[in-house]
Amino acid sequence: MFYKEILSVIAIVLTLAAFVPYIRAIFNGAIRPHVFSWVIWGATTFLAFLAQLEDKGGVGAWPIGVSGSITIFIACLAYIKRADVTITKTDWLFFVAALSSLPLWYLTSDPLWAVVLLTIVDVLGFGPTVRKAYHLPYSESQLFFGLFTVRNLLVMMALENHSITTLLFPATIAAVCVLLMMMIAYRRRVLASKVSID
C-alpha cells in the first residue's frame, strides 16, 4: 500500500502549490480574505479530517488535515492583517452549523452525520464565490480550483478505508470545484464574445 502514501504526499504538495501564492498575495496586500469565511472553512475542513481519521481513512486523510491547518492559518493571518472582518448573520449561521457537527457526532457516535453536515456547510460557503465569479469571472483562479480538484481525487485514491464518511467530503468538494471552473470558463467566453461584438 506504499502507493497510497505517495498519492497522499502528491496531494499535500498540490495543496501547498494552491495555497502558497494565495498566502503570498495576503502578505503583499493584494488579497484581503474574509476572516470569518476562512474560520468556517478551516473548521469544516479540519473536522472532516478528524472524521476521516475516526473512520480509518489513514494516510489519505493527511492532505485534508494539512488543508484544514493552512485554512485556519489563513483565517489568523487575515485577522492579523486586518483584512475583511465584517461578520453577518449568515456567517454566524454557517459557523454554528459547522460547530453543531461535534455534538451530532458525539450523540450519534458516528462521524458520518458530522461529515454530511460539514460537507453541506462547506458547499454553502462557496455561494459568495460563485456569485462573485459569475459577475467577475476573471477575479477567480481556475488553476486554484483545478489543483484542489486533482488534490481531492488523489485524496480519495489514497484513503485506506473507502466509506461514505471518508469519501463524501473530498468527492463533493472536487465536484463543486469542477462546476465552478466550468461556470468561470463559460462566463469568460460570454464576456469575450460581448467584447468582440462591441
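I began with Phe19, which is buried, with a relative accessible area of 3% (buried means under 20% relative accessible area, exposed over 50%, partly exposed in between, with a 1.4 Å probe and protein chains only). I note that this is a predicted model, in which local features need pLDDT of at least 70 and side-chain atom pairs count only at pLDDT 80 or more, while totals for chains, interfaces and linings use all residues. Residues are numbered from 1 along each chain as its sequence is written, and side-chain values use heavy atoms, with hydrogens and water left out.

**Aromatic pairs**

I then looked up ring pairs (rings of Phe, Tyr and Trp, the last by its six-membered ring, pair if their centres lie within 6.5 Å; planes under 30 degrees apart count as stacked, over 60 as edge-to-face and the rest as tilted). I recorded 10 aromatic pairs by this rule. For Phe19 and Phe148 the ring centres are 5.2 Å apart and the planes stand at 80°, so I entered the pair as edge-to-face. Phe19 belongs to helix H1 and Phe148 to helix H7, so this pair ties together parts that are 129 residues apart in sequence (helices are DSSP runs of H or I, at least four residues, numbered from the N terminus). Phe148 also counts as buried, at 8% relative accessibility.

I next compared Phe46 and Phe49: their ring centres are 5.4 Å apart and their planes at 50°, so the pair is tilted. Both residues lie in helix H2, 3 residues apart, about one turn of the helix. Phe46 is partly exposed at 28% relative accessible area, whereas Phe49 is buried at 13%.

I found one aromatic cluster formed by Phe19, Tyr22, Trp38, Trp41, Phe126, Phe144, Phe145 and Phe148.

**Largest pocket**

I looked up the largest pocket (an open set of points on a 1 Å grid over the protein atoms alone, with protein on both sides within 12 Å along at least five of seven lines; lining residues have an atom within 4 Å of a point). About 1100 Å³ of space lies in this pocket (a volume is the space filled by probe spheres set on the points, and the probe is 1.4 Å). Its lining has 40 residues, with Tyr22, Trp38, Trp41, Thr129 and Phe144 nearest the centre.

**Phe94**

I closed with Phe94, which lies in helix H4 and counts as buried at 15% relative accessibility. Leaving aside residues up to four places away in sequence, Phe94 touches Ile40, Val121 and Leu124 (contact means heavy atoms within 4.5 Å).

Key:
Helices (H or I, at least four residues) and strands (E, at least two) are DSSP runs, numbered from the N terminus.
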